Amino acid sequence: SEFKEMIEKIGETMKLQESKEFASSIQKNLFINSRKHNENIYNFGIKRAPFVVLLGVDVPAVLAEVSCLSNRNEEMELNTEGHRESIARYLEAGILDYLNKGETKHEAKR
């Protein structure tokens, strides 16, 4: 029983560490690529919280918030297919960099 609990704690710790690395890779790619097109983008870093949508997930997982609908300019940008496609490419680049553990850098194409 104690051994099983210890193994579960180790697994949870590893998942949290991997999730942090995953989130960092996505945040870095979102920020760097977004900043190329809008210098007014700020990097607020990554946050940790028990998000309901991520509870019970047994693998590294992140929740990416890429815009703010209460900002009129961001809302208008999200109405364009090109902007949504760019965000998807930035997320893709972050995911690929994470999977390759930074060995190959992917630049999002716009």
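**Pocket, patch and helix 1 in a predicted model**

Q: Which residues lie nearest the centre of the largest pocket?
A: In this predicted model, the lining of the largest pocket is made up of 47 residues. The space inside that pocket is about 1,500 Å³. Nearest its centre are Gln27, Gly45, Leu63, Ala64 and Glu65.

Q: Which helix gives the largest share of the lining of the largest pocket?
A: At least two lining residues come from each of helix 1 (2-37), helix 2 (72-78) and helix 3 (81-99). The largest share is 12 residues, and its source is helix 1.

Q: How many residues of the lining of the largest pocket are nonpolar?
A: The lining residues fall into three classes. Nine are charged and 14 are polar. The nonpolar residues number 24.

Q: Is Ile26 buried or exposed?
A: Ile26 is part of helix 1. Its relative accessibility is 6%, and the cut-off for a buried residue is under 20%. Ile26 is therefore buried.

Q: How far apart in space are Ile26 and Arg72, C-alpha to C-alpha?
A: Along the sequence, 46 residues separate Ile26 and Arg72. In space, their C-alpha to C-alpha distance is 24 Å.

Q: What is the area of the nonpolar surface patch that includes Ile7?
A: Ile7 is a helix 1 residue and is partly exposed, with a relative accessible area of 42%. A patch residue needs over 30%, so Ile7 passes that cut-off. Phe3, Met6, Ile10 and Met14 join Ile7 in the patch. The patch area is about 520 Å².

Notes
Residues are numbered from 1 along each chain as its sequence is written. This is a predicted model: local features need pLDDT of at least 70, side-chain atom pairs count only at pLDDT 80 or more; totals for chains, interfaces and linings use all residues. Side-chain values use heavy atoms; hydrogens and water are left out. On a 1 Å grid over the protein atoms alone, a cavity is a set of points where a 1.4 Å probe fits but cannot get out, and a pocket is an open set with protein on both sides within 12 Å along at least five of seven lines; lining residues have an atom within 4 Å of a point. Grid points are joined across faces, edges and corners, and a volume is the space filled by probe spheres set on the points. Helices (H or I, at least four residues) and strands (E, at least two) are DSSP runs, numbered from the N terminus. Ala, Val, Leu, Ile, Met, Phe, Trp, Tyr, Cys and Pro count as nonpolar, Asp, Glu, Lys and Arg as charged, and the others, Gly among them, as polar. Patches are made of residues with over 30% relative accessible area and no salt bridge: like charges are joined within 9 Å, nonpolar side chains (Val, Leu, Ile, Met, Phe, Trp, Tyr) within 5 Å. Accessible areas come from the Shrake-Rupley method with a 1.4 Å probe; for residues, only the protein chains shown count as cover. A salt bridge is a side-chain nitrogen of Lys or Arg within 4 Å of a carboxyl oxygen of Asp or Glu. Buried means under 20% relative accessible area, exposed over 50%, partly exposed in between (1.4 Å probe, protein chains only).
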